[in-house]
Structure formats: C-alpha cells, structure tokens
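Ready for a few hands-on exercises? Take a look at the protein below, then work through the tasks one at a time, with a solution after each.

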Amino acid sequence: MSRWRDESRTARIRRRVLLSAPLLLTVLLAALLAGPAGGRAEAAPATFVHPGVLVSRGQLDFTREKVNAGAQPWKGAFDQMMASKYASLSRVPKPRAVVECGSYSNPNLGCTDEREDAIAAYTLSLAWYITRDGRYAQKAVEIMDAWSAVITDHTNSNAPLQTGWAGSSWPRAAEIIRYTSTAWPQARVDRFKTMLRTVYLPEVTNGSHSNGNWELSMTEAAIGMAVFLEDRAAYDKAVGKFRGRVPAYIYLTSDGALPKAAPGSGLDTRDELVRYWQGQTTFVDGLTQETCRDLTHTGYGLAAISHIAETSRIQGQDLYPEVADRLRHALGLQAKYELGEAVPGWLCGGTLRDHLGPVTEVGFNALHGRMGYAMTNTQRLTEANRPAGTNNLFVAWGTLTHAGNPG
C-alpha cells in the first residue's frame with residue numbers, strides 16, 4: 001500500500017511538471033526576449049554594417065561629393081585636414097612594444113606617438129576615400145601594420161585612457177580601408193584584428209570608475225573595436241557601459257536632488273556624490289560630472305557620447321533618443337559659457353576653466369540636423385569654430401565628416 005502511494009505521488013509530480021512545462025517555456029522565452037537587466041534587448045546588430053565606426057559609407061559619399069563640388073564648410077575642412085601633419089605621405093610610424101603612460105602622460109613613452117599615428121591612419125583613410133588616391137590608403141595600411149607587428153601592452157596609471165584614445169581612432173581607419181579599398185592584405189587585416197582583441201579590448205572593456213571621460217572614451221574604443229571584430233558580445237557590453245555611464249555623467253532635473261551614480265561606483269551618499277562632482281552642490285540641466293573640473297575634459301566626455309551614439313545609429317540601433325535630452329542640454333550649457341556669458345557664482349564658484357575643443361559637430365548634427373532640436377547656443381559655437389580640426393587625442397575632422405551630413 002505504501003509503495004502504491006509512493007508511485008501515485010511520483011506520477012502526480014510528473015503530471016504537474018508536464019502540465020506546467022508550456023507555462024515555464026513561455027516565461028523563459030519572455031525573459032530571453034526581454035534581454036539583459038533593464039528590460040532592453042541586446043543592442044548588437046545581427047549583421048554589422050561596414051564601414052560603420054563613426055562614419056558610414058553614405059556619410060563618406062556625402063562628404064566626398066561636397067568636397068569635390070567645392071562646397072563649404074566641407075572644402076575648407078578638407079583643406080585643413082590635408083595641410084595637417086596627419087595627412088603627410090612621408091610620415092614614419094613610431095610603434096613600440098610597450099606604451100607607458102603615467103598621469104597626464106608623465107612618463108610619455110610612446111603615448112603621443114601612438115595617439116598621433118592612430119589619428120594619422122584615420123586621416124589618411126579619409127583622404128583616400130575623398131581623393132581616391134591609392135597612396136593615402138597605402139600609407140594608412142603602413143601605419144596600422146607597423147603597430148600591429150609590434151605592440152603588446154599599455155602600462156602605468158593612464159594605460160586605460162591611453163588605450164581608449166588610440167583605440168577609438170584605429171577602428172575608424174581600419175573600417176574605411178578594409179571595406180573601401182584593396183590595399184590591405186587579409187593576413188595583415190587579421191593581424192590587426194588580433195592586436196585589437198588581445199592588446200586593446202581587454203584594457204577598455206570593463207570600464208573605469210575614474211572621472212567619466214575615462215569610461216566614455218574607453219567605451220567608444222570598445223564599441224568601435226567590436227564593430228571591426230564583429231564581436232556581438234563586446235558590442236553589447238559596451239552599450240551596457242554607455243547606458244550606465246551617460247545618466248551618471250550628465251545631470252537632468254528629473255534625476256532628483258542629486259546626480260545619478262555610475263553603476264558599481266560605490267557612491268551612495270550626498271557627500272560622496274558632491275565630491276565626485278568637483279564640489280558642486282547646485283545641479284541644473286546639462287551640468288556634467290566634470291564641468292567644474294574644466295571644460296576640456298568635459299569636451300572629451302561629450303565627444304565620446306556623441307561618437308558612440310553615432311556608431312550605434314549606423315549599426316541599426318540608434319542610441320541618440322536615449323541620451324538626446326542629456327546631450328543637448330549639456331552641449332547647450334557648456335556652449336553658453338564658451339560663447340562668453342558670465343558664469344554665475346553658484347556654478348563652479350563663478351569660474352570655468354579651459355575650453356571644450358572641437359567636440360560639438362557630431363552631436364549637433366545628430367540632435368539638430370536629424371532630430372530637429374533647436375540648439376541656438378550649440379549652433380553658434382559650432383559654426384564659429386568651423387572647420388573643427390583635431391584635439392590630437394581622439395577627436396578629428398568633425399566638420400568634414402558630419403557638418404550637415406544627413407547620414
């Protein structure tokens with residue numbers, strides 16, 4: 001009798017499992033479709049678009065047509081680029097096995113050389129596309145090959161930021177050359193991919209809890225490399241970092257009395273957040289975590305946000321709508337004071353240091369030109385600074401590639 005009851009109990013359990021299986025399957029499928037925490041689906045495209053880091057083929061074609069027609073501001077921006085040291089066909093790359101960068105690049109053992117060679121490769125790739133002169137493609141390949149043959153590591157305290165800066169420029173160049181020319185042998189392309197995957201990506205993929213421009217620049221590098229490597233997991237991880245950091249970098253009044261803390265930062269008290277925001281205690285739309293540090297580092301952060309969103313748009317999942325309010329307010333607030341408006345006493349003690357640099361063109365084109373936001377201050381500053389050149393770190397030739405570019 002006891003055995004019969006045991007067998008019946010077992011049968012009943014089996015029956016319940018079988019009856020509940022469809023419901024369990026439905027729940028599991030719903031969870032999978034919902035994607036990672038936060039309710040957002042995975043961001044990586046099923047098929048990557050090439051060239052697709054910061055500039056698309058359509059954007060490159062638009063730029064080429066404008067330059068060849070002698071239209072402004074594109075022709076002036078092109079002439080500026082071609083007159084720079086980065087477009088020189090006599091450039092000799094200076095690769096190093098180990099690039100060592102301390103705080104503020106002290107020591108500077110290969111730091112400037114690496115950043116500038118990466119910008120040169122991107123510059124030459126743009127020159128190739130616009131002129132169709134194969135010498136520029138060959139020189140870009142020469143520079144990328146020189147580094148991929150030698151570099152093994154980045155060291156010292158600024159290694160993550162240095163890797164982010166150089167790692168932002170390399171994929172832009174690689175995408176254009178790999179997908180629009182025949183100058184790069186496949187074996188060298190593969191070696192370059194290995195360099196990105198083993199030397200650069202591990203340094204930037206986990207982000208940083210330093211000032212926000214660090215993690216944003218590192219994330220820009222990570223998403224660009226993910227596109228060139230066609231690595232969907234790395235792409236999704238970069239987008240996750242972006243979605244966590246941007247709301248913690250640019251304040252909106254809808255955030256509440258205090259700014260948001262970056263995920264994993266451990267900042268959970270008012271005093272800690274105020275200290276992290278450079279001692280600022282009054283928060284307004286568009287204030288950034290580094291505004292009261294200086295406008296130059298703020299510019300780095302805003303440029304990286306724009307670049308990441310631009311790449312995502314090319315790849316088919318536009319991140320601009322998620323950050324549009326923050327980015328437009330941030331650009332507008334900093335632009336207002338760059339244009340000469342007196343700084344009120346409640347803002348950074350009444351003094352703002354340094355300047356944004358050539359960082360507004362990409363975000364302004366997206367938010368104003370494509371999305372239709374009125375951005376009076378940003379427009380005035382952007383147009384006054386044309387043609388936007390390079391900051392010699394990771395921002396280069398924004399007027400040429402993005403002014404009025406419908407994409």
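**Exercise 1.** Which residues does Trp170 touch, not counting residues up to four places away in sequence?

*Solution.* Before starting, know that this is a predicted model, where local features need pLDDT of at least 70, side-chain atom pairs count only at pLDDT 80 or more, and totals for chains, interfaces and linings use all residues. Residues are numbered from 1 along each chain as its sequence is written, and side-chain values use heavy atoms, with hydrogens and water left out.

Step 1: settle what a contact is, namely heavy atoms within 4.5 Å. Step 2: go through the partners of Trp170, which are Glu114, Asp117, Ala118, Ala121, Ile143, Met144, Trp147, Phe192, Met195, Leu196 and Tyr200. Step 3: put Trp170 in its setting. Along with Met144 and Ile305, Trp170 has the most contacts inside the largest nonpolar core, a set of 115 residues. (A nonpolar core is a set of buried Ala, Val, Leu, Ile, Met, Phe, Trp, Tyr and Cys residues joined through side-chain atoms within 4.5 Å; buried means under 20% relative accessible area, exposed over 50%, partly exposed in between, with a 1.4 Å probe and protein chains only.) Helix α4 (residues 111–131) gives the largest share of this core, twelve residues. In soluble globular proteins, nonpolar side chains tend to be buried together.

**Exercise 2.** Is Ser169 buried or exposed, and what is Ser169 in contact with beyond its neighbours within four places in sequence?

*Solution.* Step 1: find Ser169 in helix α6. (Helices, H or I with at least four residues, and strands, E with at least two, are DSSP runs numbered from the N terminus.) Step 2: check accessibility; Ser169 has 1% relative accessibility, so Ser169 counts as buried. Step 3: list the contacts, which are Ala118, Ile119, Tyr122, Leu393 and Phe394.

**Exercise 3.** How far apart in sequence are the partners in the salt bridges Asp79 with Lys75, Lys139 with Glu142, and Arg245 with Glu215?

*Solution.* A salt bridge here is a side-chain nitrogen of Lys or Arg within 4 Å of a carboxyl oxygen of Asp or Glu. By this rule there are 16 salt bridges.

Step 1: start in helix α3 (residues 74–83), where Asp79 and Lys75 sit four residues apart, so about one helical turn separates them. Their closest N and O atoms are 2.9 Å apart. Asp79, at 37% relative accessibility, is partly exposed, and Lys75, at 26%, is partly exposed too.

Step 2: move to helix α5 (residues 134–148). Lys139 and Glu142 are three residues apart there, about one helical turn, with closest N and O atoms 3.1 Å apart. Glu142 is partly exposed at 36% relative accessibility, while Lys139 is buried at 9%.

Step 3: look at Arg245 and Glu215, whose side chains meet at 2.9 Å, N to O. Arg245 lies in helix α9 (residues 232–249) and Glu215 in helix α8, so this pair ties together parts that are 30 residues apart in sequence. Both Arg245 and Glu215 are buried.

**Exercise 4.** Which residues line the largest pocket, and how do they divide by type?

*Solution.* Step 1: fix the terms. On a 1 Å grid over the protein atoms alone, a cavity is a set of points where a 1.4 Å probe fits but cannot get out, and a pocket is an open set with protein on both sides within 12 Å along at least five of seven lines; lining residues have an atom within 4 Å of a point. Grid points are joined across faces, edges and corners, and a volume is the space filled by probe spheres set on the points.

Step 2: read off the lining: Ser103, Tyr104, Ser105, Asn158, Leu161, Trp165, Asn211, Asn213, Trp214, Arg293, His297 and Tyr300. The volume of this pocket is about 210 Å³.

Step 3: sort them into five nonpolar, six polar and one charged. (Ala, Val, Leu, Ile, Met, Phe, Trp, Tyr, Cys and Pro count as nonpolar, Asp, Glu, Lys and Arg as charged, and the others, Gly among them, as polar.) Step 4: trace them to helices; α6 (159–180), α8 (212–229) and α11 (295–314) each supply at least two.

**Exercise 5.** Which helix gives the most to the lining of the largest cavity?

*Solution.* The largest cavity holds about 80 Å³ of space. Of the 13 residues lining it, the closest to its centre are His307, Pro358, Val362, Val395 and Gly398. The helix that gives the most is α15, with three residues.
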